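I sat down with this one to see what lines its openings and how its helices pack. These are my notes, in the order I looked things up.

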Amino acid sequence: MKSFRYLVRRALQNIGIEVHRFVPSSSPAAQMAAILEKARIDLVLDVGANEGQFSREIRSTGYAGRIVSFEPLGQAYAKLQRNSRDDPFWHLHPRCALGSYDGEIKINIAGNSLSSSALPMLDAHRAVAPESAYVGAELVSLYKLDTVAATYLADATNVFLKIDTQGYEAQVLDGAEETLQHVTCVMLELSLVQLYEGQPSWPDMVNRLLAAGFHLWAVQQVLIDPETGRTLQIDGVFLRKKSNSGDQA
């Protein structure tokens with residue numbers, strides 16, 4: 001039987017397919033499901049939701065609690081509306097960006113939508129993902145998370161804050177000092193190589209979360225150079241040292 005499994009695995013690898021068991025040790029989606037369950041998350045704040053990819057994935061692996069999505073760009077927001085419309089526990093905040101102040105900001109639109117950012121993109125990013133090059137921009141409303149989150153936090157016990165804003169994560173945290181006090185788990189995109197002008201280094205972001213009372217609990221790969229195999233971006237998942245559920249991280 002082991003020999004048969006080996007032959008099947010090799011055959012699939014030869015055509016570019018790799019199959020893993022759906023367990024935290026081999027599946028990022030299963031790992032995320034385990035984290036949400038351990039931390040007893042009942043509210044997910046999905047900042048930089050794009051079309052809702054992250055929220056749809058956690059739904060598909062069993063998360064049934066509330067989700068609030070934030071997305072600034074018009075085309076992505078329209079798709080987000082369609083993807084969430086049949087889910088009564090998935091709420092879309094009115095279209096806006098989140099950052100360190102209340103006002104307006106220009107968001108650069110990437111060709112692949114996912115890489116859109118308020119920051120200028122560097123050549124290091126475009127070199128490994130040419131489809132991510134900017135193709136336009138939108139001027140959008142900008143708010144601090146602290147300005148808009150209170151209503152959503154009122155009935156929540158354990159909050160998961162996911163921030164995917166392509167180098168703008170530090171500014172989102174700057175505007176979320178009060179909100180962060182209610183958060184059990186934070187998921188941040190971290191660049192091991194600078195991909196956007198002005199983005200902080202990954203050690204600075206990790207140390208910031210450690211200083212705020214979180215432990216680095218998990219990392220998941222996001223962007224890999226297809227030629228060299230070098231990891232360029234990861235998601236870092238941080239769990240509060242002592243969560244509201246009473247568990248010690």
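How does the lining of the largest pocket divide by class into nonpolar, polar and charged residues? I get 24 nonpolar, 14 polar and seven charged residues. A reminder to myself before going on: this is a predicted model.

**Entry 1: the whole chain**

I started with the overall numbers. The protein has 249 residues, and 47% of them count as buried. I find 10 helices and 10 strands in its secondary structure. Taking contacts with a separation of 6 or more, 67% are between residues 24 or more positions apart. The exposed surface comes to about 12,500 Å², with carbon and sulfur atoms supplying 51% of it.

**Entry 2: the largest pocket**

Back to the pocket. I get about 830 Å³ of space in the largest pocket. Its lining takes in 45 residues, and those closest to the centre are Gly48, Leu114, Asp164, Gln166 and Glu189. Next I looked up which elements give two or more residues to this lining: they are the helices α2 (28-38) and α3 (53-60), plus the strands β4 (97-99), β5 (103-110), β7 (159-163), β8 (183-191), β9 (214-224) and β10 (231-240). Which element gives the largest share of the lining? That is β9, with four residues.

**Entry 3: the cavity**

I then checked for closed spaces. The count is one cavity of 30 Å³ or more. The largest cavity holds about 50 Å³ of space. I listed its lining as Gly167, Glu169, Glu189, Leu190, Ser191, Gln199, Pro200, Ser201, Trp202 and Met205. Glu189 caught my eye, since Glu189 lines this cavity and is also among the residues closest to the centre of the largest pocket. Both β8 and α10 (202-211) supply at least two residues of the cavity lining, and the largest share, three residues, comes from β8. By class I have four nonpolar, four polar and two charged residues here.

**Entry 4: helix α2**

I went on to the helices that line the pocket. In α2 the buried residues are Ala29, Ala30, Gln31, Met32, Ala33, Ile35 and Leu36. What covers them? I find α3, β7, β8, β9 and β10 among the elements over these residues. Just after α2 comes Arg40, with a positive phi near 55 degrees. Arg40 sits in the loop between α2 and β1 (43-47). I noted the sign because most residues other than glycine have a negative phi.

**Entry 5: helix α3**

Which residues of α3 are buried? They are Phe54, Ser55, Ile58 and Arg59. Around the axis they cover an arc of only 135 degrees, so they are on the same side of α3. Their cover includes α2, β1, β2, β3, β7 and β8. So α2 and α3 each appear in the other's cover, with 4.5 Å between heavy atoms as the contact cut-off. After α3 comes Gly62, with a positive phi near 115 degrees.

**Entry 6: helix α4**

Same check on α4 (residues 74-84). Here Ala76, Tyr77, Leu80 and Ser84 are buried. Looking down the axis of α4, I see these residues fall within an arc of 100 degrees, so they line one face of the helix. That spacing makes sense to me, because an α-helix has 3.6 residues a turn and residues three or four places apart point the same way. The cover over the buried residues of α4 includes β2 (66-70) and β3 (90-92).

**Entry 7: two loop residues**

Is Thr165 buried or exposed? Thr165 has 15% relative accessibility, and the cut-off for buried is under 20%, so Thr165 counts as buried. I place Thr165 in the loop between β7 and α8 (169-174). Setting aside neighbours within four places in sequence, I find Thr165 in contact with Val47, Gly48, Ser117 and Val172. One of these contacts, Gly48, is also on my list of residues closest to the centre of the largest pocket.

My other loop residue is Ser113, in the loop between β5 and α5 (123-128). Ser113 is not a glycine, yet I read a positive phi of about 70 degrees there.

Conventions
Residues numbered from 1 in each chain as written. Predicted model: local features only at pLDDT ≥ 70, side-chain atom pairs only at ≥ 80, totals over all residues. Heavy atoms only, no water. 1 Å grid on protein atoms, 1.4 Å probe; cavity = no way out; pocket = protein on both sides within 12 Å on 5 of 7 lines; lining within 4 Å. Points joined across faces, edges and corners; volume = space filled by probe spheres on them. Nonpolar A, V, L, I, M, F, W, Y, C, P; charged D, E, K, R; others polar. Buried < 20%, exposed > 50% of the residue type's maximum accessible area, 1.4 Å probe, protein only. Areas by Shrake-Rupley, 256 points an atom, 1.4 Å probe, with all protein chains shown as cover. Arc of directions from axis to C-beta.
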